[in-house]
Amino acid sequence: MSRLRFVERTGSTNADLLADPAAAEGEWLIARAQTGGRGRQGRAWTSLDGNFFGSTVVALRGSDPPAPTLALVAGLALADAIDAAAPGEPISLKWPNDVMLRRGKLAGILLERSGERVIAGFGVNLAVAPEVPGRETASLAHRGVTPQAFAPLLAAAFDRLLGAWRMSEPAALTRSWEERAHPRGTPLAVHQGPDEMVEGSFDGLDPDGALRLRLADGRLVTVRTGDVDLANPAISG
């Protein structure tokens with residue numbers, strides 16, 4: 001059972017839950033504004049009024065699938081919640097942690113582990129698309145979705161998919177994630193360092209959630225960390 005708590009302002013909902021050892025699975029912290037929100041690799045996550053900023057707790061069990069595959073749960077839950085809040089929008093998942101509206105980033109996820117707990121943080125551009133140098137962004141401003149309305153939709157989707165994660169084989173969740181992603185063959189550019197980039201095409205995911213990248217010479221590369229861009233403007237993401 002999910003328990004939602006709303007606050008006006010905080011530094012980071014992820015940091016707050018990480019710092020609270022009493023925060024149990026199913027608890028959600030949603031802030032109207034964040035002053036220290038973070039994305040992957042320490043990037044700042046811009047807090048704009050009307051957007052969604054929230055985090056929840058997963059308490060890992062000994063029988064659980066590998067913890068990194070929680071990224072699949074988070075992505076699918078976020079896509080399902082957006083579908084429920086704004087039906088018919090052309091959204092897709094992009095590895096490792098983005099939801100795209102056409103070619104613009106609509107939402108992102110940050111997973112952080114401390115001991116046997118994982119904090120899953122979500123940021124969704126419900127009202128405003130922040131300006132990010134070198135990246136396209138998007139919002140659902142035209143749909144009028146509020147954080148208060150969106151939060152229970154995301155909590156319910158996450159709870160349902162967390163249960164499925166614990167009951168099914170990882171490969172089944174991977175297949176579900178791929179069905180929500182851009183098509184196989186989509187050109188991608190993977191950035192694995194400041195001066196390290198490899199280009200190829202999307203070839204699905206490994207059962208553990210790693211990205212499979214097909215290079216131009218036919219070789220298949222498995223990518224476990226890195227940032228991914230849609231490489232061809234003609235491809236809708």
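Here are some questions and answers on how the terms fit this predicted model.

Residues are numbered from 1 along each chain as its sequence is written. Local features need pLDDT of at least 70 and side-chain atom pairs pLDDT 80 or more, while totals for chains, interfaces and linings use all residues, and side-chain values use heavy atoms, without hydrogens and water.

Q: Why does Asp229 count as partly exposed?
A: Buried means under 20% relative accessible area and exposed over 50%, with partly exposed in between (1.4 Å probe, protein chains only). Asp229 comes in at 25%, so partly exposed it is.

Q: What makes the link between the side chains of Asp229 and His191 a polar contact?
A: The term needs a pair of N or O atoms within 3.5 Å; within protein, one must be able to donate a hydrogen and the other to accept it, and residues adjacent in sequence count only if both atoms are side-chain atoms. Here the distance is 3.0 Å, so it fits the cut-off.

Q: How do you know that E8 and E12 pair?
A: Two strands (DSSP runs of E, at least two residues, numbered from the N terminus) pair if DSSP finds at least two bridges between them. Strand E8 (residues 187-193) and E12 have four, in the antiparallel sense, so they qualify. Asp229 sits in E12 (residues 227-230), and His191 stands opposite Asp227 in E12.

Q: Why is the span of helix H3 called close to the expected one?
A: The expected span is 1.5 Å times one less than the number of residues. H3 (residues 147-167) has 21 residues, so 30 Å is expected, and 30 Å is what its first and last C-alpha span.
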